[in-house]
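This note is addressed to a colleague beginning the study of protein structures. Please read the numbered points with the sequence and the structure at hand.

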Amino acid sequence: MEKGYSLRESLQILWANISAAGVGTGLVATLFSTLGPGVIVMNAAKQGGLTDAQAVSWLFGIYVFGGLSTMFMSLRYRIPVVIAYSIPGAVLLGKVLPQFTLNEAVGAYMLVGLATFTLTATGAIKKVVDHIPVPIMLGMVGGVLLSFGVSMFSAAIKTPSIYGVMLVVFFITMTFRRFSQKIPPIMIAMIAGAILLTSFGLVKPVSLNLQLAKPVFVIPDISLKAILNISVPLFFLVIGVQNIQAVGVLMAEGYKPPINAMYLVPSIGAFINGLVGAHPAVTAGPSTAICSSSAAGERKDMRFIAAFFEGVFWFLFALSAKVAIDAVKLVPSEFTAVLAGLAMFDVFGSAFKGAFSGQFRSGAVVAFFVAITNLSILNIGAPFWAIIFGVLTSLLLEKNDFKFANGNNGK
């Protein structure tokens, strides 16, 4: 892995610079990554015929490792990197798990981790990523994140009395620069939304089962059929779809991402998660986008604080996974969609500016549109193909951009 900072020194810096923006943005990212995705995992477990104990253990695994590794990455590199799990992977597993035992599925998860670890350790991953033109990567990121902006404004137009007001509150708060530097506008928008949801009677009462989550340990079993149906598609999701989004997001915000660490740590997570029946870890694009945005504070070098606190909240969520899954049913999904869109507002601008204002413009445009489709080919998601088709387009139409980039030791 890339060299980083002392964890102790980073903790001291974090403590000295802790802010409402950092903690608040970490909380918003947590809400985004738990309100909907947690339910998707539970649904996948139900489709796969898992018991309630195995389903809770699945949640426990992905959020415990995600929380701890996010805290580690944030302190080690002082960059807002969030380690999570593949949401499309959970959807895929809901369809294929009925064909396998949980032991066979876990064996397939661990092989994904082994393959990712091997390719990262040999330097192959970093070499490939280093040769992807940045504008094409940012075009892909813009296409992937576009749905969050569309969902935000769709909710605001359909229900202006709640979600439209949240947008107005957000932008008005941004105009008061001194105030918004101390209290993040997204927190004000979230509070306003919560008050409106309550006043309109849209907060749903649910019964909470107060108990700590318990892991259920699983012994892996290797099956060729499971490798073909689980390992192969999950591998491409991790390598070419999930992690690459986070790399692109960080580049869009002007960071130099620790690429090896962003692949190596999740590969280790595939083994740890598998022990409790959870699917492989990834570096999370959307959550990283939220924590690296200006919502996390004006100073880019302190936005790692937001990611650190998302890790803290994830860990707490994992301990109370059963309670948390019941609690996430309290509010409508549109509420989370609006918060996610607002949190990524500045990231959209950075990605589009970096993608379409210089070299590799044609490749970036193709990557953008392919990513928007959200379609998969050969069970491999759109972001992977966005990069492939974007690079091929630039090779055909923008050969001189490659020569110029190589001559300047850039991309």
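1. Threonine 70 is found in helix H4. The structure is a predicted model, and every value in this note is to be read in that light. Is threonine 70 buried or exposed? Its relative accessible area is 1%, and buried means under 20%, so threonine 70 counts as buried. The side chain of threonine 70 reaches the backbone oxygen of glycine 66 at 2.6 Å. When neighbours within four places in sequence are left aside, threonine 70 is in contact with Phe65, Val81, Val82, Ile83, Ala307 and Gly311.

2. Serine 69 also has its place in helix H4, which comprises residues 52-77. With a relative accessibility of 6%, serine 69 counts as buried. Which backbone oxygen does the side chain of serine 69 reach? The partner is the backbone oxygen of phenylalanine 65, at 2.5 Å. Apart from neighbours within four places in sequence, serine 69 is in contact with Ile83 and Val265. As a further point of reference, serine 69 and valine 23 are 46 residues apart in sequence, and their C-alpha atoms are 18 Å apart in space.

3. The packing of H4 against another helix deserves separate attention. Two packed helices are described by the angle between their axes and the distance between the axes. For H4 and helix H15 (residues 304-319), the angle is about 155° and the axes are 7 Å apart. Angles over 145 degrees count as roughly antiparallel, and H4 and H15 are therefore roughly antiparallel to each other. The crossing of H4 and H15 is left-handed. On the H4 side, the contact is made by Phe60, Ile62, Tyr63, Val64, Gly66, Gly67, Leu68, Thr70, Met71, Ser74 and Leu75. On the H15 side, it is made by Phe304, Ala307, Phe308, Gly311, Val312, Trp314, Phe315, Phe317, Ala318 and Leu319. By class, the residues of this contact between H4 and H15 divide into 16 nonpolar, five polar and no charged. Threonine 70, discussed in point 1, is thus one of the contributors from H4, and its own contacts include Ala307 and Gly311.

4. Arginine 78 is found in the loop between H4 and strand E1 (83-85). Most residues other than glycine have a negative phi. Arginine 78, by contrast, has a positive phi, near 50°. The relative accessible area of arginine 78 is 16%, and the residue is therefore buried.

5. A positive phi is also found at phenylalanine 360, where the value is about 55° although the residue is not a glycine. Where does phenylalanine 360 lie? Its position is in the loop between helix H18 (345-356) and helix H19 (361-373). Phenylalanine 360 counts as buried, because its relative accessibility is 0%.

6. The two helices on either side of that loop pack against each other: H18 and H19 form an angle of about 135°, with their axes 8 Å apart. That angle makes H18 oblique to H19. Phe352, Ala355 and Phe356 in H18 meet Arg361, Ala364, Val365 and Phe368 in H19. The contact of H18 with H19 has six nonpolar residues, no polar residues and one charged residue.

7. A further helix pair is H11 (residues 185-199) and H17 (residues 333-343), which pack at an angle of about 165° with their axes 10 Å apart. H11 and H17 are therefore roughly antiparallel to each other. In which hand does H11 pass H17? The crossing is right-handed. The contact is made by Ile186, Ala189, Met190, Gly193, Ala194 and Leu197 of H11, together with Phe335, Leu339, Leu342 and Ala343 of H17. These residues of the contact of H11 with H17 divide into nine nonpolar, one polar and no charged.

8. The final residue for consideration is serine 161, which lies in helix H9 (residues 160-175). Serine 161 has a relative accessible area of 35% and is therefore partly exposed. Not counting residues up to four places away in sequence, serine 161 touches Leu196 and Phe200. The C-alpha atoms of serine 161 and leucine 197 are separated by 9.8 Å, and these two residues are 36 residues apart along the chain. Leucine 197 is one of the residues through which H11 makes its contact with H17.

Notes. Residues are numbered from 1 along each chain as its sequence is written. This is a predicted model: local features need pLDDT of at least 70, side-chain atom pairs count only at pLDDT 80 or more; totals for chains, interfaces and linings use all residues. Side-chain values use heavy atoms; hydrogens and water are left out. Axes are lines fitted to C-alpha atoms, for helices over the stretch in contact, and angles run from 0 to 180 degrees between N-to-C directions. Helices (H or I, at least four residues) and strands (E, at least two) are DSSP runs, numbered from the N terminus. Angles under 35 degrees count as roughly parallel, over 145 as roughly antiparallel, 65 to 115 as roughly perpendicular and the rest as oblique. A crossing is left-handed if the near helix is turned anticlockwise from the far one by less than a right angle, and right-handed if clockwise. Contact means heavy atoms within 4.5 Å. Ala, Val, Leu, Ile, Met, Phe, Trp, Tyr, Cys and Pro count as nonpolar, Asp, Glu, Lys and Arg as charged, and the others, Gly among them, as polar. Buried means under 20% relative accessible area, exposed over 50%, partly exposed in between (1.4 Å probe, protein chains only). A polar contact is a pair of N or O atoms within 3.5 Å; within protein, one must be able to donate a hydrogen and the other to accept it, and residues adjacent in sequence count only if both atoms are side-chain atoms.
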